[in-house]
Amino acid sequence: MEKGKLALYLDLIRWDRPAGWLLLLWPSLYALWIAAGGFPGWHLVAVFTLGTILMRSAGCCVNDVADREFDRHVKRTAQRPVTTGAVSVREALVLGAVLALAAFALVLTTNAAAIAWSFAALAISVIYPYAKRFVSMPQAVLGIAFSFGIPMAFAAVQGHVPLLAWVLLLGNLFWVLAYDTEYAMVDRDDDLRIGIKTSAITLGRSDVAVVMACYVAAIVVWAVVMVGRIPPLFIALTAAAAGAQAAWHYTLIRDRSREGCFKAFRVNHWFGFALFAGTVAGFLFS
């Protein structure tokens, strides 16, 4: 039986796979807490939570249109709605535009600084799907796109983007490089065959070591930022919790199996949640 349009649209935006928007959400939320020095208020929490879900969904639409010719040659993506033709390119782009406009409407309830930075965030989100044609490590471009909620959070809270926000963005960039390289390791054979550039291909046999180094760098940057902001005990406990997850990921990816690498990617949002939970708890008890 053929799927109805609504079901196809939900497939297109990966509605049944919330891990994608959770990867975006946790850094944005802990940036809100850091920018505000504690709870930032329900309005901003709601704006950034809903905005994250909407923009991730819009990004899926653009990504699937950009990659429709590549996706048909990759086992994991061959049945995506745009790739199979079940959803037309025009439909996907219209849906993506509607979702992005809904997210922009939420940003309009914040302030001028956040509104201005939202245009940069949108531009990077649109550029990323095409980066893999020209950049040897497109995961770095994704890292910037998936970290842009951080400067936007500071803009929404403080009315400007301080150096601290960019330091946090750098730390989150390391995390994105880690989990998206794991993701790229799943499709390495297919990507080599069709000529797509990814960090998994560029890094070769150094992939596992670099992924682990990126996890360590992400934890270290977060911990350094939090020194003096929350009690040392909460920094240590959070770093330990995140580090334990990174160690678990090593056991999943060290053999470079498709199943292990994909599982590591799918559970990565718990690493982000650990940093978020540690941030919230630290401010609560400081």
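What distance should the 24 residues of helix α10 span, and how far apart are its end C-alpha atoms? In this predicted model, helix α10 covers residues 163-186, and at 1.5 Å a residue the expected span is 34 Å. The end C-alpha atoms are 35 Å apart, which agrees with that expectation. Helix α10 is also mostly covered, with 17 of its 24 residues buried.

**Salt bridges**

The count of salt bridges comes to 8. Three of them are listed below.

| Pair | Closest N to O distance | Citation |
|---|---|---|
| Asp64 and Arg14 | 2.8 Å | |
| Arg17 and Asp16 | 3.2 Å | |
| Arg258 and Asp190 | 3.4 Å | |

Asp64 and Arg14 form a salt bridge that links distant parts of the chain: Asp64 belongs to helix α3 (residues 42-66), Arg14 to the loop between α1 and α2, and 50 residues separate them. Asp64 has a relative accessible area of 0% and is therefore buried. Arg14 is likewise buried, at 7%. A network of salt bridges joins Arg14, Asp64 and Arg80.

The bridge between Arg258 and Asp190 also connects distant parts of the chain, 68 residues apart, with Arg258 in helix α15 (residues 258-266) and Asp190 in helix α11 (residues 188-194). Here Asp190 is buried, with a relative accessible area of 8%, whereas Arg258 counts as partly exposed at 31% relative accessibility.

For the pair of Arg17 and Asp16, Arg17 counts as partly exposed at 42% relative accessibility, and Asp16 is exposed, with a relative accessible area of 55%.

**Nonpolar surface**

Leu6, Leu10 and Trp15 make a nonpolar surface patch of about 340 Å². Trp15 lies in the loop between α1 (5-12) and α2 (19-36). With a relative accessible area of 53%, Trp15 is exposed.

**Aromatic pairs**

The structure holds 18 aromatic pairs. One of them, formed by Phe234 and Phe285, is stacked, with 5.7 Å centre to centre and 10° between the planes. This pair links distant parts of the chain, 51 residues apart: Phe234 lies in helix α14 (residues 232-253) and Phe285 in the segment after α16 (269-284). Since the cut-off for burial is under 20% relative accessible area, Phe234 counts as buried at 19% relative accessibility. Phe285, at 56%, counts as exposed.

Ring pairs also link Trp26, Trp33, Phe39, Trp42, Trp270, Phe273 and Phe276 into a cluster.

Terms used:
Residues are numbered from 1 along each chain as its sequence is written. This is a predicted model: local features need pLDDT of at least 70, side-chain atom pairs count only at pLDDT 80 or more; totals for chains, interfaces and linings use all residues. Side-chain values use heavy atoms; hydrogens and water are left out. Rings of Phe, Tyr and Trp (its six-membered ring) pair if their centres lie within 6.5 Å; planes under 30 degrees apart count as stacked, over 60 as edge-to-face and the rest as tilted. Helices (H or I, at least four residues) and strands (E, at least two) are DSSP runs, numbered from the N terminus. Buried means under 20% relative accessible area, exposed over 50%, partly exposed in between (1.4 Å probe, protein chains only). The expected span of a helix is 1.5 Å times one less than its number of residues. Patches are made of residues with over 30% relative accessible area and no salt bridge: like charges are joined within 9 Å, nonpolar side chains (Val, Leu, Ile, Met, Phe, Trp, Tyr) within 5 Å. Accessible areas come from the Shrake-Rupley method with a 1.4 Å probe; for residues, only the protein chains shown count as cover. A salt bridge is a side-chain nitrogen of Lys or Arg within 4 Å of a carboxyl oxygen of Asp or Glu.
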